[in-house]
Number of protein chains: 2
Amino acid sequence: MDPRHEVALDQVLELTVLLAEDMAGSLGRDGLTPARAHLLWVLRERGPSTQVVLADALRVSARNVTGLVDALEAADLVARRPHPTDRRATLVGLTEQGGTITARMAHDKALLAAGLFGGLGTEQVQTFSDTLAGVLDRLKVMVADAADTSREPT
Amino acid sequence: MDPRHEVALDQVLELTVLLAEDMAGSLGRDGLTPARAHLLWVLRERGPSTQVVLADALRVSARNVTGLVDALEAADLVARRPHPTDRRATLVGLTEQGGTITARMAHDKALLAAGLFGGLGTEQVQTFSDTLAGVLDRLKVMVADAADTSREPT
DNA sequence: TATTGTTATACTCTATAACTATA
DNA sequence: TATAGTTATAGAGTATAACAATA
């Protein structure tokens, strides 16, 4: 009922829209979609991975990973190679060009962080971050509760 | 270069992911997708509108609006009727059931706002909101600049 | 001529189910 | 038996281009 809460939520929602737009724009310049960029990012963090691991990390189906890897392989951003010990599995790794692009993504992300928060004082950033941490915790609880409720629909 | 900025951005990005998940979950219970819910929401705010107006508000192609309206009409959430003065145009409006659902969406949104910010003090919400307003302003400038640069590629 | 909405076509992301090869 | 990845199929969101009806 407090209008300040609704205003704050509206601001957060606007932020999500603008961020998605900004990031899609950056990725588009590299010819990447958000889903494909996400996969590259996971590879950058985890190193060469099987497709099952990628599906789990991205929280999508194995089938979907096949498609994303197909597209990224065609663009020479990732390469498939046989798993050394499990002959069922495939190891997906970044190519040199994939490494270059993910490095640029990391750089762009740092620029974005600086652009958004660079004008704020250290205390202000800290306060914002602390508040956000609390909000995130509450949201996680709400998401978990909703999942429980829908799984057990009394 | 300040790690606090990157941490804050990571928190914001996590928030966007969790929010999208939470909202998709709520909508899913109504059998709605985010795109269709967005169209309903615009209709709730603006009242009956032509498809061109909807395409503009949603920032998607006219073709896309045709598809979304087709689906929502099949679910009896919106209805097409002839425009009173322009015989080329169609007016799309919420049905009674569409009104019920958008009212529930508004209610859910208020619940979400209360859940996220209800535990915070008035001052804390205000401070958060003020900081967020500044961040939003800076982001808008960055998005606008990026659009200029890509339109006029030196 | 310009605008509104549709048909035609295509690409991406997503999912489930059935299947092959391997563990 | 169970797991890794693929093929088959399908639905949703998105786009551009061509077109009909109307302004």
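A residue counts as near a strand if one of its heavy atoms lies within 4 Å of that strand. With that cut-off in mind, note that this is a predicted model, and begin the tour at the nucleic acid.

Select DNA strand D and display what lies around it: 21 residues surround the strand, and the closest are A:Val52, A:Thr66, A:Arg88, B:Thr33 and B:Ser61. If you colour this surrounding surface by residue class, it divides into 5 nonpolar, 8 polar and 8 charged residues. Turning to the strand itself, 72% of the atoms of DNA strand D within 4 Å of the protein belong to sugar or phosphate, while the rest belong to bases.

Next, show the secondary structure behind this surface. In chain A, helix H3 (51-58) and helix H4 (62-74) each supply at least two residues of the surface near DNA strand D, as do helix H2 (34-46) and helix H4 (62-74) in chain B. Among the contributors, H4(B) gives the most, with 3 residues.

Now zoom in on individual side chains. At A:Gln51, an N or O atom of the side chain is 2.8 Å from a phosphate oxygen of DNA strand D, and on the other chain the side chain of B:Arg36 places an N or O atom 3.0 Å from a phosphate oxygen of that strand. Then select A:Arg63, where the partner is a base: a polar side-chain atom of this arginine lies 3.2 Å from a base nitrogen of DNA strand D.

Leave the DNA and select the two protein chains, to look at where they meet. The contact takes 50 residues from chain A and 50 residues from chain B, and the area buried between these chains is about 5,200 Å², with carbon and sulfur atoms giving 72% of it.

For the charged pairs, the count between chain B and chain A is 6 salt bridges. One to display is the salt bridge in which the side chains of A:Asp10 and B:Lys109 meet, at 2.6 Å from N to O. Across the interface of chain B and chain A there are also 14 residue pairs in polar contact, with both residues at pLDDT 80 or more.

Finally, hide chain A and look at the side of chain B that touches it. Helix H1 (3-29), helix H5 (96-117) and helix H6 (122-151) of chain B each supply at least two residues of that side, and H1(B) gives the most, with 19 residues. Coloured by class, the side of chain B that touches chain A shows 27 nonpolar, 12 polar and 11 charged residues.

Terms used: Residues numbered from 1 in each chain as written. Chains lettered and ligands numbered in written order. Predicted model: local features only at pLDDT ≥ 70, side-chain atom pairs only at ≥ 80, totals over all residues. Heavy atoms only, no water. Polar contact = N/O pair within 3.5 Å; in protein donor to acceptor, adjacent residues only side chain to side chain. Helix = DSSP H or I, 4+ residues; strand = E, 2+ residues; numbered from the N terminus. Nonpolar A, V, L, I, M, F, W, Y, C, P; charged D, E, K, R; others polar. Contact = heavy atoms within 4.5 Å. Buried area = accessible area lost by both parts, 1.4 Å probe. Salt bridge = Lys/Arg side-chain N within 4 Å of Asp/Glu carboxyl O.
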